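Here's a quick tour for anyone opening this one up for the first time. Have a look around before reading on.

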Amino acid sequence: MSFCQEVKRELCRVEPKKLHCREAMLYGVMRLSRTFPAEPVVFKSENKGFADRYAQELAVFGTLVEVQSDLRRIKGDQPVYTVCVPDTHQRALLARHFCLDTPGLHPPFVERGCCCAAFFR
């Protein structure tokens, strides 16, 4: 297992205790997505634990999430996992809640120290 994979696995073990930290963590992933919310794909990763963790966090907010394994896009000996939100309405709700249509960072998601850590996680 690569160093990067080990770091991702370790970061997935950290459980944000408060709702605002969970939101900051999700905000970080969605903010860095190149295609979300215009397309269903939130992100792709070769780390299944990472993909499953963020899918579970999105599900906590009532979002229907799919984690797909694309065997055609194998990196080394690892498949690539894609986390998707297929429903257009749910993507729009997430985009609105997380202010994804505004440029830059939205301060309420990252103003607390604990939330900054969760955002970068």
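What follows is a short walk from the overall layout down to a few individual residues.

## The model and how far to trust it

What you're looking at is a predicted model. Mean pLDDT for the protein sits at 84, with 84% of residues reaching 70 or more.

Confidence isn't even along the chain, though: helix 1 (residues 3–12) has the lowest mean pLDDT of the elements, 66, while helix 4 (residues 88–97) has the highest, 94. Where pLDDT is low, the predicted coordinates shouldn't be read in detail.

## Overall layout

The protein has five helices and three strands. Follow the sequence from start to end and you get the pattern α-α-β-α-β-β-α-α.

Out of 121 residues, 39% count as buried. The accessible surface comes to about 7,300 Å², and carbon and sulfur atoms account for 57% of that. If you take the contacts between residues at least 6 apart in sequence, 66% of them join residues at least 24 apart.

## Inside the core

In soluble globular proteins, nonpolar side chains tend to be buried together. Here, the largest nonpolar core has 27 residues, and Met30, Val42, Leu58 and Phe98 have the most contacts inside it. Helix 2, strand 1, helix 3 (48–60), strand 3 (78–84), helix 4 and helix 5 (113–120) each chip in at least two residues. Helix 2 gives the largest share, with seven.

Val42 is a good place to zoom in. Leaving aside residues up to four places away in sequence, Val42 touches Val29, Met30, Ser33, Phe36, Leu58, Val83, Cys84 and Val85.

## Ser33, a buried loop residue

One of those partners, Ser33, lies in the loop between helix 2 (19–32) and strand 1 (41–45). Is Ser33 buried or exposed? Its relative accessibility is 14%, so Ser33 counts as buried.

The side chain of Ser33 reaches the backbone oxygen of Val42 at 2.8 Å. Again setting aside residues up to four places away in sequence, Ser33 touches Val41 and Val42.

## Two cysteines without a bond

A search of the whole structure turns up zero disulfides. Cys21 is in none, and its nearest cysteine sulfur, in Cys114, is 3.4 Å away. Why don't Cys114 and Cys21 form a bond in this model? Because their sulfurs are 3.4 Å apart, which is too far for one; the cut-off for a disulfide is within 2.5 Å.

The surroundings of the pair can be compared too: Cys21 counts as buried at 8% relative accessibility, whereas Cys114, at 39%, counts as partly exposed.

How values were computed: Residues are numbered from 1 along each chain as its sequence is written. This is a predicted model: local features need pLDDT of at least 70, side-chain atom pairs count only at pLDDT 80 or more; totals for chains, interfaces and linings use all residues. Side-chain values use heavy atoms; hydrogens and water are left out. pLDDT is the predictor's confidence in each residue, from 0 to 100. Helices (H or I, at least four residues) and strands (E, at least two) are DSSP runs, numbered from the N terminus. Buried means under 20% relative accessible area, exposed over 50%, partly exposed in between (1.4 Å probe, protein chains only). A polar contact is a pair of N or O atoms within 3.5 Å; within protein, one must be able to donate a hydrogen and the other to accept it, and residues adjacent in sequence count only if both atoms are side-chain atoms. Contact means heavy atoms within 4.5 Å. A nonpolar core is a set of buried Ala, Val, Leu, Ile, Met, Phe, Trp, Tyr and Cys residues joined through side-chain atoms within 4.5 Å. Accessible areas come from the Shrake-Rupley method with a 1.4 Å probe; for residues, only the protein chains shown count as cover.
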